[in-house]
Amino acid sequence: MAKVTLLAHTPDPEKLVAAAAKLCYSASSPQTLLDGLTPEKTESFLEMLEKLGHESPIEHVSFTFGIEGVSRSLLAQITRHRIASYSVKSQRYVREKDFSYVTPPEIAAIPQAQLLYEKTMRQIGESYDQLAALLKEKHIQALMTEGLDETSAAKKAEKMAIEDARFVLPNACDTQMVVTMNARSLLNFFKHRCCNRAQWEIREVAYQMLALVYKAAPSLFKNVGAPCVRGNCPEGKMSCGHSEQVRAYDAMRKGKATR
């Protein structure tokens, strides 16, 4: 199951955004931007930015998340959000011994499908181990022929073997990552990934991330999420048709974040 942790964020993020906005609309110097920024004035600046659609000041704050218990399929989706930084557990350097995997709820709901899925994962794990062993032995022999001692050859051969054996691993394979996004990128991320039409796994991750940043900066993130949370659905004929349920779900998740 996906688990998201907020590892770090810009200190006092809302005040910093308000200070950046203040520079745009007043004669203040950078040295005095933070002066007089009470919580009330900070919130007022943030409300003004939202009404104006002026998003560049919120790029000055960033949030770093630890994400675990997710699939390589999710990794392929989340990295499409390019204005971000990613550090991901490597399958080239870390051997997937008895690898964990993510099971889609629709598969878990059908006992026969669940059994088939688990059988497939076991078979893939066995194939991965066998391929890694065959490749490692080949590389050991070649490296020793080149003059390496057996211990050094085995260590180097391990990395060379799993680099190619990983090709049989499935999208379901569990992975971990650290992700950093600025607040403007997060607005875009939540817009697309909190939508009811987003794939179930990344939608859950998006809502966990939203709950965490909402708790850290509620004024900054109070109106973010799927477009239908604050207006009409822009999907046209592709709409899920459940805007009211999406709004209720969004309110429930944000409500939990404040407790």
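Colour the chain by burial first: in this predicted model, buried residues account for 39% of the 259 residues. Switching to a surface view, one finds that the chain exposes about 14,600 Å², of which carbon and sulfur atoms supply 53%. If the charged side chains are then selected, the mean positions of the 34 positive and 29 negative charges turn out to be 4 Å apart.

Return to a cartoon of the whole chain, which shows 10 helices and four strands, and follow the elements from the N terminus in the order β-α-α-β-α-β-α-α-α-β-α-α-α-α. The radius of gyration of the chain is 24 Å, well over the 18 Å that the globule rule gives for 259 residues, so the chain is more spread out than a compact globule. Taken along the principal axes, the box filled by the C-alpha atoms comes to roughly 75 × 50 × 35 Å. With contacts displayed, 76% of those between residues at least 6 apart in sequence join residues at least 24 apart.

Begin the local stops at the loop between β1 (3-9) and α1 (13-25), and select aspartate 12 there. Most residues other than glycine have a negative phi. Aspartate 12, although not a glycine, has a positive phi of about 45°.

Next, move to the loop between β3 (85-88) and α4, where aspartate 98 is placed. Here too phi is positive in a residue other than glycine, with a value near 50° for aspartate 98. Is aspartate 98 buried or exposed? Its relative accessibility is 64%, and aspartate 98 therefore counts as exposed, given that the cut-off for that class is over 50%.

Now select residues 111-145, which form helix α5, an element of 35 residues that reaches 51 Å from its first C-alpha to its last, close to the 51 Å expected at 1.5 Å a residue. Show the side chains of its buried residues, which are Gln114, Tyr117, Met121, Ile124, Gly125, Tyr128, Ala132, His139, Ile140 and Leu143. An α-helix has 3.6 residues a turn, so residues three or four places apart point the same way. Against which elements do the buried residues of α5 pack? Adding α4 (105-108) and α6 (150-165) to the selection displays these partners. Past the end of α5, stop at glycine 147, which follows the helix and has a positive phi near 115°.

Continue into α6, whose 16 residues should span 22 Å at 1.5 Å a residue; the end C-alpha atoms of α6 are 21 Å apart, which agrees. The buried residues to highlight in α6 are Ala153, Ala157, Glu158, Ala161, Ile162 and Ala165. Keep α5 visible during this step, since α5 is included in what covers the buried residues of α6.

The last stop is glycine 225, found in the loop between α9 (218-221) and α10 (243-257). Glycine 225 has a relative accessible area of 2% and is buried, the cut-off for that class being under 20%. Which residues does glycine 225 touch, leaving aside those up to four places away in sequence? Select Phe190, Lys191, Cys194, Arg230 and Asp250 to see these neighbours together. Finally, draw a distance between the C-alpha atoms of glycine 225 and alanine 251, which lie 26 residues apart along the chain and are separated by 10 Å.

Conventions: Residues are numbered from 1 along each chain as its sequence is written. This is a predicted model: local features need pLDDT of at least 70, side-chain atom pairs count only at pLDDT 80 or more; totals for chains, interfaces and linings use all residues. Side-chain values use heavy atoms; hydrogens and water are left out. Helices (H or I, at least four residues) and strands (E, at least two) are DSSP runs, numbered from the N terminus. The radius of gyration is taken over C-alpha atoms; the globule rule is 2.2 Å times the number of residues to the power 0.38. Buried means under 20% relative accessible area, exposed over 50%, partly exposed in between (1.4 Å probe, protein chains only). Contact means heavy atoms within 4.5 Å. Accessible areas come from the Shrake-Rupley method with a 1.4 Å probe; for residues, only the protein chains shown count as cover. Lys and Arg count as positive and Asp and Glu as negative; His and the chain ends are not counted. The place of a charge is taken as NZ of Lys, CZ of Arg, CG of Asp or CD of Glu. The expected span of a helix is 1.5 Å times one less than its number of residues.
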